[in-house]
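Reader: I am new to this structure and would like a close look at one part of it, with the rest brought in where it helps. Please take your time over the answer.

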Amino acid sequence: MSRRVASCRVARLGEVLDDVYGPADGAARAPGELDIIGGPAGPEVASNVHMMPLPKICAAELMTENPRTVRVDDPIGEAVNVLQTMDFRHVPVVDEQGELVGMLSDRDLRALQSPYAEDTAVVGAAPRKASAPVSTIMSGNVVSASPDADVTELMELMLDNKIGALPIIDGEGALVGIVSYVDIFRGLLMEE
């Protein structure tokens, strides 16, 4: 059974991936044709990102500056509201001094959902979960980057750590921005 599900015309990226990895299923490809599902994936991509000829773009050019944050003691319900109303998937978590202490993503919140719950104990626990502090579900040990980190470094950090966004920290340790994988895609497309 073939893993090939869809193909698309990608002017440069498909050629780059074929040059670096060769066609994923061994079949010849037209220039620029990229096998979406059957293409390279997994640890090989993460370890070989540095080999891809990418434009020189730094985090400062890609990041959303002064991102919306939540505090470590804010209720989870407030963080959910921030993610939904701002249409974000990741929000940095800061302490009382404004120092970055964690990240909260939509994936962290999925563990709290019980979409078909009928059990009164489960339904009754929902308000308690919403009032619990963000610190109970956030991801600590935050992986971050500096504003001058290039796009290759950002991609490697995301792939190696299986994360979708990186907080950007200046030389004094202050949160100055956030870069998501979507920001990277946009930046690469604008460089075309």
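What covers the buried residues of helix 8?

Author: Since the model is a predicted one, what follows describes that prediction, and it may help to begin with the chain as a whole before turning to the helix. The protein chain has 192 residues, of which 38% count as buried, and its secondary structure comes to 8 helices and 8 strands. Among the contacts in the chain with a separation of 6 or more, 60% are between residues 24 or more positions apart. The accessible surface of the chain comes to about 11200 Å², and 54% of that surface belongs to carbon and sulfur atoms.

Now to the helix itself. Helix 8 covers residues 181–191, and its buried residues are D183, I184, G187 and L188. These four lie on the same side of helix 8, because the arc that they cover around the axis is only 130°. The cover over these buried residues includes helix 3, strand 3 (residues 64–65), helix 7 and strand 8, which is the reply to your question in its shortest form.

The contacts of one of these residues fill in the picture. Leaving out residues up to four places away in sequence, I184 touches L62, V151, L154, M155, M158 and V179. I184 also has a place in the largest nonpolar core, a set of 17 residues, where L62, V151, L154, I168, V179, I184 and L188 are the members that touch the most others. Two or more residues of this core come from each of helix 3 (59–62), helix 7 (151–161), strand 7 (165–169), strand 8 (175–180) and helix 8. Helix 7 makes the greatest contribution to the core, with 4 residues. Apart from this core there lies another one, of 13 residues, which has V72, I76, V82 and L109 among its members.

The other face of the helix deserves the same attention. Turned away from the buried side of helix 8 is a face that carries the exposed residues F185, R186, L189 and M190. A nonpolar surface patch of about 260 Å² is made by Y181, V182 and F185, and so F185 appears both on the exposed face and in the patch. V182, which belongs to helix 8 as well, has a relative accessible area of 31% and therefore counts as partly exposed.

From here the view can widen to the rest of the chain, beginning with a residue in a strand. H90 is found in strand 5, residues 90–94, and H90 counts as buried because its relative accessibility is 13%. Its contacts, with neighbours within four places in sequence left aside, are L83, M103, L104, S105, G164, A165 and I178.

Charged pairs come next, and the count of salt bridges comes to 4. One of them joins K56 to D150, with the closest N and O atoms 3.8 Å apart. This pair links distant parts of the chain, for K56 sits in the loop between helix 2 (43–48) and helix 3, whereas D150 sits in the loop between helix 6 (120–131) and helix 7, 94 residues apart. The two partners are covered to unlike degrees: K56 is exposed, with a relative accessible area of 71%, while D150, at 25% relative accessibility, counts as partly exposed.

Another salt bridge is formed by the side chains of R71 and D73, at 3.6 Å from N to O. R71 is partly exposed, with a relative accessible area of 35%, and D73 is partly exposed too, with 44%. R89 and D106 also form a salt bridge, in which the closest N and O atoms are 3.1 Å apart. Here again distant parts of the chain are linked, with R89 in the loop between helix 4 (76–86) and strand 5, and D106 in helix 5 (residues 106–110), 17 residues apart. R89 counts as partly exposed, since its relative accessibility is 39%.

Two loop residues complete this look at the chain. N66, which is not a glycine, has a positive phi of about 45° and lies in the loop between strand 3 and strand 4 (70–71); its relative accessible area of 62% makes N66 exposed. N141, also a residue other than glycine, has a positive phi near 45° and is found in the loop between helix 6 and helix 7. With a relative accessible area of 79%, N141 is exposed.

Note on methods
Residues are numbered from 1 along each chain as its sequence is written. This is a predicted model: local features need pLDDT of at least 70, side-chain atom pairs count only at pLDDT 80 or more; totals for chains, interfaces and linings use all residues. Side-chain values use heavy atoms; hydrogens and water are left out. Patches are made of residues with over 30% relative accessible area and no salt bridge: like charges are joined within 9 Å, nonpolar side chains (Val, Leu, Ile, Met, Phe, Trp, Tyr) within 5 Å. Accessible areas come from the Shrake-Rupley method with a 1.4 Å probe; for residues, only the protein chains shown count as cover. Buried means under 20% relative accessible area, exposed over 50%, partly exposed in between (1.4 Å probe, protein chains only). A nonpolar core is a set of buried Ala, Val, Leu, Ile, Met, Phe, Trp, Tyr and Cys residues joined through side-chain atoms within 4.5 Å. Contact means heavy atoms within 4.5 Å. The arc is that of the directions from the helix axis to the C-beta atoms.
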